[in-house]
Amino acid sequence: MRLFGLKNCDTCRKALKSLGEVEFFDVRSDGVPEYVMSCAFETFGDALVNTRSTTWRGLNESERSRPSLELLAEHPALMKRPLIERDGELFLGWTPDTRSALGVA
């Protein structure tokens with residue numbers, strides 16, 4: 001299982017603590033493989049972009065109107081977190097649905 005997030009993100013830390021044995025990738029320093037990002041965008045669409053983040057608020061309107069995958073490539077902290085990959089299946093966020101699907105109480 002792989003978790004893509006930020007090392008200083010509280011939600012990502014909660015997920016890491018609950019999941020135990022997981023390979024962690026910091027999206028700022030490690031990035032997200034292009035094929036994973038493409039699959040995530042196909043699965044989650046624009047929900048992959050965290051429009052509540054401070055990074056988003058710092059963008060001007062012309063930057064915000066750019067295609068989501070371009071924005072995420074340039075500003076990886078814009079990705080909603082965590083993005084979890086398990087056996088080819090992707091989960092976004094640390095919601096009750098995600099925790100249930102991963103077998104975490």
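Which residue in β2 is the bridge partner of Phe4? In this predicted model, the partner is Phe25. The two strands concerned are β1, residues 2–5, and β2, residues 23–26. They run parallel and are joined by 4 bridges. Between them the chain passes through helix α1, residues 10–19, and the resulting β-α-β crossover is right-handed.

The link between Phe4 and Phe25 also involves their side chains. The model contains 1 aromatic pair. Phe4 and Phe25 make up this pair, with 5.0 Å from centre to centre and 20° between the planes. The pair counts as stacked, because the planes of a stacked pair are under 30 degrees apart. Since Phe4 belongs to strand β1 and Phe25 to strand β2, the pair ties together parts that are 21 residues apart in sequence.

Are these two rings buried or exposed? Phe4 has a relative accessible area of 0% and is buried. Phe25, with a relative accessible area of 17%, is buried too, because the term applies to anything under 20%.

Phe4 leads on to the nonpolar core. In soluble globular proteins, nonpolar side chains tend to be buried together. Here the largest nonpolar core has 31 residues, and Phe4, Met79 and Leu83 are those with the most contacts inside it. Several elements each supply at least two residues of this core: the helices α1, α2 (34–44) and α5 (68–74), together with the strands β1, β3 (83–86) and β4 (89–92).

Met79 shows which parts of the chain meet around one core residue. With neighbours within four places in sequence left aside, Met79 is in contact with Phe4, Val27, Val32, Met37, Leu48, Asn50 and Leu72. Phe4 therefore appears in this account as a residue of strand β1, as the bridge partner of Phe25, and as a contact of Met79.

Two points of backbone geometry remain, each in a loop. Pro82 lies in the loop between α5 and β3. The peptide bond that joins Arg81 and Pro82 is cis, with omega at about -15°. Further along the chain, Asp87 lies in the loop between β3 and β4. Asp87 is not a glycine, yet its phi is positive, at about 50°. What is the relative accessible area of Asp87? The value is 76%, so Asp87 is exposed, whereas Phe4 is buried at 0%.

How values were computed
Residues are numbered from 1 along each chain as its sequence is written. This is a predicted model: local features need pLDDT of at least 70, side-chain atom pairs count only at pLDDT 80 or more; totals for chains, interfaces and linings use all residues. Side-chain values use heavy atoms; hydrogens and water are left out. Two strands pair if DSSP finds at least two bridges between them. A crossover is right-handed if, with the strands pointing away from the viewer, the path from the first strand over the helix to the second runs clockwise. Rings of Phe, Tyr and Trp (its six-membered ring) pair if their centres lie within 6.5 Å; planes under 30 degrees apart count as stacked, over 60 as edge-to-face and the rest as tilted. Buried means under 20% relative accessible area, exposed over 50%, partly exposed in between (1.4 Å probe, protein chains only). A nonpolar core is a set of buried Ala, Val, Leu, Ile, Met, Phe, Trp, Tyr and Cys residues joined through side-chain atoms within 4.5 Å. Contact means heavy atoms within 4.5 Å.
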